[in-house]
Each structure stands twice: as structure tokens, then as C-alpha cells.
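Work through the exercises below with the model open. Try each task before reading its solution.

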Amino acid sequence: MYRDHDVIFMQEISWGLIKRVPSAKEPEGDEFEHTTRHRNFMCLGAHKESSVCIHVNKRWEHLMPRLADNLIKHDDVCAVSLTTREGPQLLINVYNQPKTHAGSKYLEGRADRLPSVLTIAGDFNLHSGVWGPSGASYQKAIARDRDDVESVIDVMASLNLELANYRREFTWQSHNEALRPQVIDLVWVPILYTADANCRVHLHDTLINSDHAVLTWEIPLEAMWPMSQPRIKEDSPLEEVYVNQIGEALAALFDEDWDPDTDSIDDVADELSEVMREAWDSCSSEPNFAPGKSRSWWNAECKEAATQFRSAKLRRVPDENGNDRRERIARCGKRLKGAARRARREFFDKTIAKVENTTKMWDLVAWTRKKPDDAFSTLIQADGTPAATPEDIFKTFKETFYPTMPNPIDPTVVDTYPQLPTREWAWVSAAEILSAVKGTSNTSTPGLDHCGWRLLKKILAVKDAAEGAAKFLNECFRSGTWPEMFKVNITVVIPKPGKDDYSKAKSYRPIVLLNCLGKAFEKVIATRLQFQGQKYGVIHPNQFGGTIQNSTVDAGVHVVHHVLQARRKGLVCSMLLFDIAQFYPSINHDLLGAIMSKQGFHPRYVAFFDNYLKDRKTKIRFQKNFSEDIDTPLGVGQGSALSPILSGLYIAAAIHKWAGTDARIKMVDDDREMIIDINGCIMQFYVDDGAIVVTSATLETNAVLLAKVFKGISTDLERLGLRVERTKNELVHFLMPNSKRWEQKDLGPDVTIDIEGVPVVVKPSAKIRYLGFILDQKLQFKDHVKLQFDERYDAEE
């Protein structure tokens, strides 16, 4: 039935054991509880306490189905909003408890605030002669429900809905034949649809283990199957043609007729872009499959054998060799079975070979894990109103991920940075290009050019193609131009796993899909910037994440080593964690260029990035919908290889100032100039996650030091146009072994920090999670060991 229907309303949903998943505690595995789900449907509204849910076919994904929990929030009523040309349309599923009728009463109280309703259906548990029998044996139930029936009819009339059930067509029949059949499952549709016989309720002939009939009805709403994305079959002759066309074009970009003084790099880029587009159009095709029926291992041999098998079943007369129909069917069936067996073995052997000795081997057993809940809630805009249309949704994401109003900056902050000597320039080689793409994933999602890493590796393997790519990038540096084909991208918005509230835009993560050749060039540039940043001390050793040779483990070890060294001297340490809000989108382009000049990068880099960061555009993709082109005048893109190192360079000087262990800093506090001795203080960053560790004889002194150092670093960040999150601050005081606080389980003093003039009190915790490490006050690591054991055990299972 799921193949023939788009929306399934379920009442009195079952909630229980679906399967067992690998566990660190239970040999049999942990129980995974949920309701019935199907891979082709989105399940909305189901949770342990709910009585109803709505399953929406994924072919309706372009209508942005989402829970209208800003309008309806009740365990017995589920509302799903669809975005249509006429505006938001609601699907409402109701289960009325037999005695309280709480669902219909709740709906009555919410009817005046509902937008256009497409249909309301469910188990109403109401008896009336309007839709059911009115004989003497039913009068008692009719009289009992009369008031609630009248209320429901009034509510539906106010919503311009009319009953779609045929009168006296029973929808409930008890398994106990002594009980009378009833009409209690009702469907309401807009009045203008009830004249259409297809919009009336029909009893489906599906047999299910229930005393309720399966009701079906149609709504005239456009909802087509999503178009399959064109693709080129892997290792096919067409793929070889595609690779050779682009590789040869790349090798011939800068021939003998190229004149850098008169020819434009943008024209060359447009020429290459056109070649790539034409090659893709001529070599790609839409796969011919139906969702839910296709088999990844099915090949041409299987298709031919299946055709012969179907032909044998249809043919009634003996063939030219005199074989009768039964023998012919058996022979063709055996051939089909053998073809399928060989195709499956070949497909899965190749799949295992791809992931062998890599971390992706666990992808082969993804079916053993829990299926995450569908994160579809109505998005709330900045002003508190629901995002009811695609335009509202894209506007909300744009304001969150791509702000157009820059934060105030202080350009004079650059004057306080030391001027490093300008370093020499070296042109890019073909070896650098090949090295950049060597370790990339063959399964990454391509951008607008349709070309992923796997295809690009093959393209660069064409004769002279890598040399042509190196010439292309060198010409970009020489002219100080980043071509337009690399400046247009797609931003895919996906939900962050494990969030409690998906009505907030911050519960989603933007992923930028770039032109693959442009990504390769960015990796080359990022490698060069990383090397220079480390070799010449531009990047501070306490900058972890996004920088080479500085890992998460290094960051954790650095903190623990500092705390243990302080203990040996009889001192105590305190650690404050904070987070830079919207780090990547907040980077000021003009200030970044001035900072890079101060850091000694060659003027070609500065001129290149001045053009690289300008006139960039993106399209936001959410579910199956795309926004209009959006200008991105600020920040660096999430997903670009350059973003981590550029953001690291942007704050490097501020970290140099505050990360020293033997330093005295002059700062202004309450209009008074003062000197702060930060001897024994360490400051470190993991991309946008900051940590301050201070050391002194008492925790009370640490609390004062933390407040002062935090104010200093936050002030320097504000001068760069960066803001600290007010709600993501954590504090832990590391205690001396066998101290009184240790014995009394005293967490230590609070720390009051100043964020943009607002005092924020940070209360200490017994343990905090920092970059995957569980750090407790005593540094015993019991919780961390338990966490690691559970994760490793789950993986091995």
C-alpha cells in the first residue's frame, strides 16, 4: 500500500521494540524503541507519548513537510504543514480518547489560529446519525456524544471543511461479532472537493490486523516524484569520454596563443566551464529506477536474463528447438538466478574492497544502528514568528549563516600587530595539484559542476592535465583573480544530530558544495598557508584544529600537562571555556587582508584574497528546494579548505598576546589603566572554541584572573568583529588531591565575566566535556574512560 499512497495517517500508534543495536553493556544489544517506519516515508509526530503520527512520502519533500508544532502541540493531534503555491496547507491527524474526547476539544480551541487546512482525519470515537446509523440501538451513544458532535461540526464548518465519508459506511467492526459496527473514523476535506468522487472516502481492500478499516481518499494537490539526478555510470565508456574531454581541454587551456597581457583568465575559466557542462550533458543520463524497487547490484546481464524469463512465461507454444513452456521457464529462471548471484557477488566484493582498511568499513553495517528521527519542525524566525513559506525559511537561514551587516571592527587593531618580513614567492607546480587531490574521498558530494573527487583524479591523470591545472592556478595568482565559476556554490542545510529543538536555525549546519577543481586549488593554497604559518611562527602553537601538526589529542594533553605541573608546585588551576559566535561568517574581508600583510605573506596572496572573497554567491538548498542567489559579502565558507587556516590567521595575533605563560599585559579596566600578571595562564583555541587556564595559590584568585583575562581576550576579539556566545560558557576548578574542597566536594567559586557589557555568571561543574575529553575536577578520567570504552565497544559490536 505504501507504493500507491503519499500520506499515511496512523492512530493508536504502536511504540515498542524495533530491533536491538550494539551495546557496551548488554550482550544481546540495547533495545531500540520506535514506531513502524519505512525508508520511503518521513515519520512526523511520533514519540513515546503520542497517539498519532503522519507518514509523508519522500517524493513530497519539495513541499517541505514539517511539524506545525507552533500551532498544534498535543499527544492526540498531529499537524503537518505543506508549502504549496497557495501557501501553507495543513494535514491534521486526530485520535479522540473514547471518554474524554480530548483531541477534538483541543482542536476546537485552536481552530481560529489555523491556516488553510487540506484535510483532517482520524479516529474521532464519536457517534452520530449524521454519518452513522441512527437506529434505536445507537441512540444511547448518539445522545452521549451529541454536544461533542455539534462542536466538531461547527469547527469543521469554520475551517470550510465537509465530511468526505459516505453515510453509514462502517469504518469499525469489532473482532467480537456480537458488537455492532460503527462509523467513528472520519475524514474532512475542503467543501469544494466533496463533489469529486475521488475525494470521497473509500474502504481499502487491504487486510490488516485491526478492527478499523483502512480509509483512502484523494486530494487534488500536485506532488510529483522527484527527478532523479543525472549521473555517469562508474568505470563506463561514457565516463572515459567525459574524463578525456575535460582533461584534454584543461591541458590545452594555455597554449602558444595565450597572451597574459591581453587575454583574460575569466574568459579561460568560462571556456573550461562550458566544456565541462557540454561533456556532462552528453555523457550523463537519468537512472531508470523506481524508489524502493531498485537494486544497486543489478547489471546488464541480470536485465537480459530477466527479459528472457518474462518472455518465456508469456510464450505459450514450444520454441524452435521443440522445448515446451515449462522447460523453457525453468531454464531461463536458472539463468536469471545465476546472473543475480554473480552480480551480487561482484558488487559486494567491490564494495568491501573500497572500504577495506579504512574507517569507512563501518558504513557496511550502518543498518545495525538507530535510524535518526526525522528533524522536521516549523522553523522560527528571528522575530519569533513561524517561517510559513519557503521564502521565510530561506530568509531565516540566510540571516543565520550569511549575515549582511558586518559587526563593528576597529581597523587600528592591525597597527598593534608586529610587522613580519615579507616572504618570497614560489609558483605552483603540477605535483602540488596531484598531492592535494590524492587523499580525498571518492564518495564526496559534487557541487554545481557535477564533478567529484573521483572524477577529478581521473581528469588530472590525462596527459598534461595536471600541468594545465597548475598553469591555471598560477595565472589566478598573477592576475589576482578568482574566476566566477569558482565563486558560485550551493549551501546544503542539514540538521545537527541530537538536538532537542529543530525550530531554531542554529540546530542546522550549512555545508558548502564547491566546484571540485576550485576545491583542489583551495587545498593547494591552504597547504601553503599552513606551512608558512607554522614555519614562521604566524600560527601560535596553542591553535589547535584547522592547523597542521596540532590535533585534538595535543590540545587535551596540553591542558592536562599544565594542570599536573601546577599541582607539583602546590598551585591550583581553573579552566573557562567559551565559544566565538558565527566565527566563519563574521570574518571581515578587508581586515583579513591587512592582517595577512602584517604577517609577512607575499602581496600576491593579499591581492588574490581581496578578489577571492568578493562577489561570492550561493544558493541555499533545504530538503528539495533551492533559494534564489544570495550574496555572501562576509565571512569564509563552511566546507572550504581555506576557511580553517584563514580564520586561524585572523585571530592568531590576539592569541599570541594572551597565550604566553610569562607575560604582563596592560589593559584598561573601568577607565583605569592596569597591569595584569598572567604568569601561569594559558590560552588555546580549537577553531572557534576557546579555553583559558589560569594558575595561582587559591581558586578565589583564579576566579578573578579568569574574569580579567576573559575581558582582555573578548575585547581584542570584538575589535576584530567577533562576538562571544553568552550561553556556551563552562567552568571547572581542578582541585589539589586530598584538599578540604576535595573531601567536601566543593565545586569552587563562580566566575562573573563581561560579555558586551552584560555580566554573565558562570557556575563551576564537577566535570566538563572539552573536545571529546571528559575532564573532572580530580583529573581521574573515570568518566572519560567509561565513555571511550562504550564507544569502542559499540563500534566493535
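**Exercise 1: a six-stranded sheet**

Strand 7 (residues 77-84) and strand 8 (residues 87-95) pair in the antiparallel sense over 8 bridges. Two strands count as paired if DSSP finds at least two bridges between them. Helices (H or I, at least four residues) and strands (E, at least two) are DSSP runs, numbered from the N terminus. The model is predicted: local features need pLDDT of at least 70, side-chain atom pairs count only at pLDDT 80 or more, and totals for chains, interfaces and linings use all residues. Residues are numbered from 1 along each chain as its sequence is written, and side-chain values use heavy atoms, with hydrogens and water left out.

Task: place this pair in its sheet, and find which strands stand at the edges.

Solution.
- Step 1. Start with one residue pair: Val-77 stands opposite Val-94 in strand 8.
- Step 2. Extend to the open sheet, which has 6 strands in the order 6-7-8-9-11-10, with mixed pairing.
- Step 3. Strand 6 (66-67) and strand 10 (161-163) have a single partner strand each, so one side of each lacks a neighbour in the sheet.
- Step 4. Add helix 1 (residues 102-110), which lies across strand 7, strand 8 and strand 9 (117-123). Helix 1 runs at about 150° to strand 8. Axes are lines fitted to C-alpha atoms, for helices over the stretch in contact, and angles run from 0 to 180 degrees between N-to-C directions.

**Exercise 2: one residue of helix 2**

Task: is Val-155 buried or exposed, and what does Val-155 touch?

Solution.
- Step 1. Locate Val-155 in helix 2 (residues 139-158).
- Step 2. Val-155 has a relative accessible area of 9%, so it is buried. Buried means under 20% relative accessible area, exposed over 50%, partly exposed in between (1.4 Å probe, protein chains only).
- Step 3. Leaving out residues up to four places away in sequence, Val-155 touches Glu-108 and Ala-111. Contact means heavy atoms within 4.5 Å.
- Step 4. Check a C-alpha distance: Val-155 and Gly-109 are 46 residues apart along the chain, yet separated by 9.2 Å.

**Exercise 3: the buried side of helix 14**

Task: which residues of helix 14 are buried, and what covers them?

Solution.
- Step 1. In helix 14 (residues 603-612), the buried residues include Tyr-605, Val-606, Phe-608, Phe-609 and Tyr-612.
- Step 2. They lie on the same side of helix 14, because they cover an arc of only 165° around the axis. The arc is that of the directions from the helix axis to the C-beta atoms.
- Step 3. Their cover includes helix 10 (465-479), helix 11 (516-535), helix 13 (589-598) and helix 15 (642-658).

**Exercise 4: the cores**

Task: how many residues has the largest nonpolar core, and which helix gives the largest share?

Solution.
- Step 1. The largest nonpolar core has 101 residues. Such a core is a set of buried Ala, Val, Leu, Ile, Met, Phe, Trp, Tyr and Cys residues joined through side-chain atoms within 4.5 Å.
- Step 2. Helix 15 supplies the largest share of this core, 10 residues.
- Step 3. Tyr-242 and Phe-472 have the most contacts inside the core.
- Step 4. Beyond four places in sequence, Tyr-242 touches residues including Met-276, Trp-280, Cys-283 and Leu-455.
- Step 5. Another core lies apart from it, with 27 residues, among them Ala-68, Val-77, Val-149 and Leu-159.
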